[in-house]
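Please look through the strands of this protein and how they pair with one another. The report below takes them in turn.

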Amino acid sequence: MTPAGALVRLIAILIVAVALPCRAEDAISGRWEGTARVPDDELMVIVDLAQENGAWVGSIIIPGLGLKGTQLTDIKVEPPDVKFAVKGPLGIQLNLRLLAAEKKLAGNFEQGGNHAPATLQKTGPPQVEHPPRNTPVAKELEGEWKGDYEMLGYTRHVSIKFANHLDGATADFVIVGRKHNVLPVDLVTQEGDLVTVDSHETGFSFEGRLRDEKLTGAIRQGAIETPMVLVRVKS
Amino acid sequence: MKLSGIFILPIAVCAVTPIHAQSMFRGDAVHSGTYAGPAPRQFHRIKWKFPTGDRVISSPVFKDNVIYFGGDDGNVYAVHAATGHQIWKRATNGPVPATPAVADGTVYIGSYDGKFYAFNAQTGALKWKFATDGERRFEAKGLHGMQPKDQTIADPFDIFLSSPVVANGAVYFGSGDGNVYALDSATGDLRWKFKTGDVVHASPALADGVLFFGSWDSYFYAVDAATGKEKWRFHGGEDPMIHNQVGFQSSPVVVNGTVYTGCRDSNLYALDAATGKEKWRFFNDLSWVITSPAVADGKVFFATSDSSLYHVVDANSGKPIVRQQGKAYIFSSPVVGSDVVFIGVLNGTLEARDPKTGDLLWDFKVEKSKQNNGWVLTGDRKFNVPFLFHSNWREAPIVATDQQIRIGGIYSSPLVVNGVVYFGSADGFVYALE
């Protein structure tokens, strides 16, 4: 083999080596629609998977379970295998394998310790939904706020402590009733004088307006909404 | 003093009311929930299973080798206890999730058609029927947090009808029209009716000439059985916001001068039968006590809904003795047989537990429960709540509740006779296990 021929061959090998994983990952990126075959039922499942800045991101829609644009977590793509989860009360896990020739992802849909076969067909480019992001909050909101509300016959004490960071605000959300509950907060926003603190995992949220040095609004647990006023804790 | 308490009360009860130990809800007029005679401490086999046209919420009762029960298919059934063969069935015009009482050759039972029936126990022939002011389920605006919150919604968990108690020539029962009725048991003529503020689907208990029952109006009542005059009332919890923690759905038991009753306000109450004064309460962390307690050997046996706990507490003090974590909601009232407690679970399982430790001796799962269609249950047989109840809008929670029911939940309180345990399932069958 001449040096030129060897060079051509090396380049060809490199092109193939680089192109193969690219093709596999390109093949996985997209919108996937199909079903999970639950006994005596079929769940429609729509998954969007994409690569952004070298990382996999994704969201899922399951009309029968009230999921729309919910974030995928723990995404692991090792072509032809694709795994991801949906955190929260439902606790869904999908373990799929790309069947490239058929443009299908097929595998296992797991929820609550139950397993069902799932098959998804690629239907187009990905339409990944991104979660809303924390915004900064006003300087006068920083610090701890306290209030009470009554539900089902007894009083709960609420504390929300706001702090600003470079990438938005955070909040420590604590409800003390018969138990001391520290709620995981996944969204803090302020739009004008409207402040929201959401704990999607627990179904609790607070929404109130910052006026006259009070946060006046309501606490929500699922569908139950109770008026509540938070006042600043003097430091 | 304890001796007098033990011996005088049964004599007093015997003097006032005939004992129909297996022929009415919870066995007898005081609703003890206890059955003498052998009970299977081990599961051997299905003796028979009897199919009906819809779920069986009713609890079977026994009289003269016949099992009687109601079906949500609208029928009242008489089935041979030994063979499971149908003797007769009689149709009503509504589901019959009530438990019959059998006395003096007559089967007494109410239906969702708003009528109360008396059938000949041998033939099923109608003796008389009485029209109440109409049946309905408990309902409220924004019930349990369902939306729209200003819409009145009927409670899908109001699943039982009041079961009658028969004594002294009268038959007593509650109704969705808010009344408790006393009828002449021979003719069906009205003796008196007592108006409460809401649905009465608990079954009244009778002891020492006093009728005890709770209503969804948040009150528990003691009424003179002869006159219908109120003797006292006790106020349970209220929940004006979502009406979840309110109402007596549990039926009471009366033992040794104490009334024990569960409540949707999450308490099991022990009340003085003479005065209505609270002796103790056992709080269950916002979990309903739908089960009617059983009392045996100085202990109270009951279970909870959402927390799915099986409890045994001291009858005098309410102090916990046994606490066992169950798998799914428990609406079925426990019964105490000789050396074994039976209780149904809404995941379609009948459990046999040791009375002293609460340990599971054996369990039996109906076929529909094993199939787990629609993933009503998780892999470890708990209710798959986030999978079913993903929306509180409109009828979604009601549909989800119906899905729960379709796996064969056991709401029926078991009956123990001659070493056989009988119960109904929401899969539409009545089972006899030995």
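## Strands 17 and 18

In this predicted model, strand 17 of chain A, covering residues 214–221, pairs in the antiparallel sense with strand 18 of chain A, covering residues 224–232, and eight bridges hold the pairing. Within this pair, Ile219(A) has Thr226(A) of strand 18 as its bridge partner.

## The nine-stranded sheet

Strands 17 and 18 both belong to an open sheet of nine strands in chain A, whose order is 13-12-11-10-18-17-16-15-14 and whose pairing is antiparallel. Strand 13 (180–183) and strand 14 (187–191) of chain A stand at the edges of this sheet, and because each has a single partner strand, one side of each is left without a neighbour there. From one strand to the next, the twist averages 20°.

## Strands 7, 8 and 9

Elsewhere in chain A, strand 7 (residues 92–99) runs antiparallel to strand 8 (residues 104–111), and eight bridges join the two; Leu94(A), for instance, has Phe109(A) in strand 8 as its bridge partner. The hairpin that these strands form has four residues between the strands, and in it Lys103(A) takes a positive phi near 55°.

Strand 8 of chain A is also joined by eight bridges to strand 9 (residues 114–124) of chain A, again in an antiparallel arrangement, and here Lys104(A) has Gln121(A) of strand 9 as its bridge partner. In the hairpin of strands 8 and 9 of chain A, two residues lie between the strands, and Gly112(A) takes a positive phi near 55°.

Conventions. Residues numbered from 1 in each chain as written. Chains lettered and ligands numbered in written order. Predicted model: local features only at pLDDT ≥ 70, side-chain atom pairs only at ≥ 80, totals over all residues. Pairing = 2+ DSSP bridges. Axes fitted to C-alpha atoms, helices over the stretch in contact; angles between N-to-C directions.
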